[in-house]
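User: I should like to understand the reasoning behind the descriptions attached to this model. Please set each label against its criterion.

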Amino acid sequence: MADDPDVPPPRAAWQPLPPWLEAMAADTLAQRERWPHAWLIEGARGIGKRALALELARSLLCESPRPGERACGSCPGCTWVAAGQHPDLRLVELVEFDEEGNATPVDVIKIDAIRRLGEWAQITSHRGGAKVAVVVPAERMNASAANALLKTLEEPPPGTYLLLVAHQGGRLPATVVSRCRRLPVPRPATDVAVGWLAGQGAADPATLLAQAAGAPLVALELADPALQAERAVWLAALAQPRAFSPAALAARIDLGGREERRERLAAAIDWLLAWTADLARVRAGGEARLNPDHAQALAANAASVARISLFRYYSQLLGQRTLLAHPLQPRFVAEALLVDYRALFA
Ligand SMILES: [Zn+2]
């Protein structure tokens with residue numbers, strides 16, 4: 001294997017299947033004889049869809065599958081999949097590799113990556129079994145990449161499976177969707193997710209899960225104490241809309257240094273989005289679903305703001321969230337958004 005020039009360097013971090021997707025993986029694999037050649041695995045970000053795709057891939061590539069076609073976890077096929085080095089598994093993600101295998105994150109999946117996937121699909125299987133391609137997240141293919149994928153979707157080489165993973169399947173072209181079988185992945189039940197988070201060592205798992213809108217893997221990312229401390233600062237300010245200084249709060253975007261500014265702005269916009277959504281919900285007589293730990297502050301503020309203004313502000317935030325990939329001055333973007341937030345309460 002080490003001498004094989006076709007073996008790619010490690011390209012994909014293995015993710016174990018979370019327990020709430022065990023049954024779905026088992027059911028799906030049990031029907032393998034009736035499988036289409038392309039699946040669209042859809043659902044919210046952070047609920048384990050990528051891990052599910054990898055588990056399906058590993059089971060397809062396993063060389064001594066257990067009953068129900070589940071991966072054995074220990075044959076050469078399984079070992080290579082877990083090491084990110086199986087020659088019959090191709091993963092296309094938001095990352096590009098140079099010749100030495102160094103990874104750079106990217107914002108879109110471009111046509112070159114999909115063309116290489118198409119060429120790879122034409123090659124005979126290295127291990128004489130199935131070949132599996134996983135694209136995550138598929139909706140981040142640009143138009144020409146999606147078009148290029150259509151060719152492979154229309155004439156899939158025998159024994160080749162395409163697993164498209166989408167957080168927002170609705171953003172995929174209908175031509176792509178219509179050539180896949182949909183596999184909708186639900187969020188796990190709250191008690192299951194809370195139990196799992198507690199097992200991962202997360203403090204206050206229920207609040208984290210609420211912040212993550214029920215997506216456990218997102219909740220685990222949010223468990224970082226520094227991130228939670230920063231959230232506390234922002235929410236304390238938002239709770240006093242007439243008192244805080246937008247310029248001073250926005251200046252916190254620069255605290256982590258240049259490399260972190262975009263990420264910190266993204267986090268701030270997410271807090272503003274969640275806060276605004278909760279304000280609208282509480283204003284309409286509902287509960288603070290995303291920030292249950294700030295229910296009192298939300299109730300105190302919701303009465304003094306018009307719902308229509310909240311909806312407008314929310315769409316403004318969403319628009320800004322999609323612009324994050326573009327070069328901008330994160331601190332000034334945050335400051336402008338905070339000035340507009342204050343104006344809601346004028
Ligand atoms: Zn195996």
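Analyst: The model is predicted. Its domain assignment divides the chain into domain 1 (19-184), domain 2 (191-223) and domain 3 (224-343).

User: What makes domain 2 and domain 3 count as touching?

Analyst: Residues are in contact when their C-beta atoms lie within 7 Å. By that criterion, six residues of domain 2 are in contact with eight residues of domain 3. Helix H8 (residues 205-211) supplies three residues, the largest share of the domain 2 side. The C-alpha centres of the two domains lie 21 Å apart.

User: How is the domain 2 side of that contact composed by class?

Analyst: The side of domain 2 that touches domain 3 has four nonpolar and two polar residues, and no charged ones.

User: Why is Leu 298 called buried?

Analyst: The cut-off for a buried residue is 20 or more other C-beta atoms within 10 Å. Leu 298 has 22 such neighbours, and therefore counts as buried. Leu 298 is placed in helix H13 (residues 295-302). Beyond residues up to four places away in sequence, Leu 298 touches Asp 278, Leu 279, Val 282, Ala 288 and Asn 291.

User: Why are Glu 69 and Asp 204 called partly exposed?

Analyst: Partly exposed residues fall between the limit of 12 or fewer neighbours for exposed and that of 20 or more for buried. Glu 69 has 18 C-beta neighbours inside 10 Å, so the label partly exposed applies. Asp 204, with 15 other C-beta atoms within 10 Å, is therefore partly exposed as well.

User: What backbone feature is noted for each of these residues, and where do they lie?

Analyst: Glu 69 is not a glycine, yet has a positive phi of about 70 degrees; this residue lies in the loop between helix H2 (49-61) and helix H3 (76-82). Asp 204, also not a glycine, has a positive phi of about 50 degrees and is found in the loop between helix H7 (190-199) and H8.

User: How do you know which strands stand at the edges of the five-stranded sheet?

Analyst: The sheet is open, with parallel pairing and the order E2-E5-E6-E1-E7. Strand E2 (89-92) and strand E7 (181-184) each have a single partner strand, so one side of each lacks a neighbour in the sheet. From one strand to the next, the twist averages 20 degrees.

User: What makes E1 and E7 a pair, and how is E6 joined to E1 and E5?

Analyst: Pairing requires at least two bridges between two strands. Strand E1 (residues 38-42) and E7 run parallel and are joined by four bridges, so the requirement is met. E6 pairs with E1 in the parallel sense over five bridges, and five bridges also join E5 to E6, again in parallel. Ile 41 stands opposite Leu 183 in E7 and opposite Val 165 in E6. Ala 133 has Leu 162 as its bridge partner in E6.

User: Why is E6 described as largely enclosed?

Analyst: Seven of the seven residues of E6 are buried, so the rest of the structure largely encloses this strand. On one side are Thr 160, Leu 162, Leu 164 and Ala 166, and on the other Tyr 161, Leu 163 and Val 165, all of them buried.

User: Which residues touch the most other members of the largest nonpolar core?

Analyst: They are Ala 53, Ala 57, Val 134, Leu 163, Leu 164 and Val 165, in a core of 46 residues. H2 gives seven residues, the largest share of this core. Among the contacts of Val 165, leaving aside neighbours within four places in sequence, are Ile 41, Ala 53, Val 134 and Pro 137. Another core of 35 residues lies apart, and its members include Ala 193, Ala 210, Leu 217 and Leu 298.

User: What is the peptide bond from Val 136 to Pro 137, cis or trans?

Analyst: The bond is cis, with omega near -15 degrees. Pro 137 lies in the loop between strand E5 (131-135) and helix H5 (143-154).

Terms used:
Residues are numbered from 1 along each chain as its sequence is written. This is a predicted model: local features need pLDDT of at least 70, side-chain atom pairs count only at pLDDT 80 or more; totals for chains, interfaces and linings use all residues. Domain bounds come from an automatic or database domain assignment. Two residues are in contact if their C-beta atoms, placed from the backbone, lie within 7 Å. Helices (H or I, at least four residues) and strands (E, at least two) are DSSP runs, numbered from the N terminus. Ala, Val, Leu, Ile, Met, Phe, Trp, Tyr, Cys and Pro count as nonpolar, Asp, Glu, Lys and Arg as charged, and the others, Gly among them, as polar. Axes are lines fitted to C-alpha atoms, for helices over the stretch in contact, and angles run from 0 to 180 degrees between N-to-C directions. A nonpolar core is a set of buried Ala, Val, Leu, Ile, Met, Phe, Trp, Tyr and Cys residues joined through C-beta atoms within 7 Å.
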